[in-house]
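Student: Please take me through the labels used for this model. I want each value set against its cut-off.

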Amino acid sequence: MDAKIETKNLNLYYGDYHSLKGVNIAIPPRSITAIIGPSGCGKSTLLRCFNRMNELIPGVIIEGEILLDGENIHQQGTDLIRLRRRVGMVFQRPNPFPLSIADNITYGLRVHGTPPGQKHSDIVENSLRATLLWEEVKDKLHSPALALSPEQQQRLCISRVLAIEPEILLMDEPCSALDPIATDHIEDLMRDLSESYTIIIVTHNMQQASRVSSWSAFMLMGELIEFGPTVRIFNNPRDKRTEAYISGRYG
């Protein structure tokens, strides 16, 4: 299996605390991979490793390799701005900027630059169409983004990431602040986007992981216990700890 991004013996320490322990995982391209496990098992820490966001935390020590298309993202001379353009992040709660809808979309272009031959107006429209938000907001692009519903705000945040043309979308509990109907919309969107993007989602919701992902990784106490096709992980796990978590016996 070809990997879009993979880790090799990845260890991460917060000071003396060993948060990730020898994690080896290879994420396939153009698919949805769910990282599951109980609170505090290292799911979000692993997710943030993929665009080096953990390094913003004082005292973090990282060992091992993370390869994006075969290149180590920790090698000397890595351009962090370019890396975070290639590996975009959608957070747990919608976090639109206190700007207009259009300015939210173009904000990243001011940081990363506008792709050659493209206009801001075209990028705004295409990014909003990708999240099925265009028809809902096309007549109020200069209205405050904070006036949108929470579900619309989350789709706007995804549009904002798509505007900079990433290759990977990291999603940290993207539906935890949404109601069931809004969650359905975001899950449908993830399925559509996975045809073009590699999506890695952290979720506590076992039903969500089974619905949207093709691959699942089960983590426990900083270790990757099991990784494989979601159907197998949920129906025929190879490790008793995975089975115990999936069946709700702990976590």
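Student: What makes Cys175 buried?

Tutor: Its relative accessible area is 8%. Buried means under 20%, exposed means over 50%, and partly exposed lies in between, with a 1.4 Å probe and protein chains only. Cys175 is therefore buried.

Tutor: This is a predicted model: local features need pLDDT of at least 70, side-chain atom pairs count only at pLDDT 80 or more, and totals for chains, interfaces and linings use all residues. Residues are numbered from 1 along each chain as its sequence is written, and side-chain values use heavy atoms, with hydrogens and water left out.

Student: Why is Cys175 not paired with Cys157 in a disulfide?

Tutor: A disulfide is a pair of cysteine sulfur atoms within 2.5 Å. Cys157 holds the cysteine sulfur closest to that of Cys175, and the separation is 13 Å, so a bond is ruled out.

Student: And what of Cys49: how far is its sulfur from the closest cysteine sulfur?

Tutor: That sulfur is in Cys41, 13 Å away, too far for a bond. Cys49 is also buried, at 2% relative accessible area. The count for the model is 0 disulfides.

Student: Is Asn54 buried or exposed?

Tutor: Asn54 has 0% relative accessibility, so Asn54 is buried.

Student: What does Asn54 touch?

Tutor: Contact means heavy atoms within 4.5 Å. With neighbours within four places in sequence left aside, the partners of Asn54 include Leu12, Thr45, Arg48 and Cys49.
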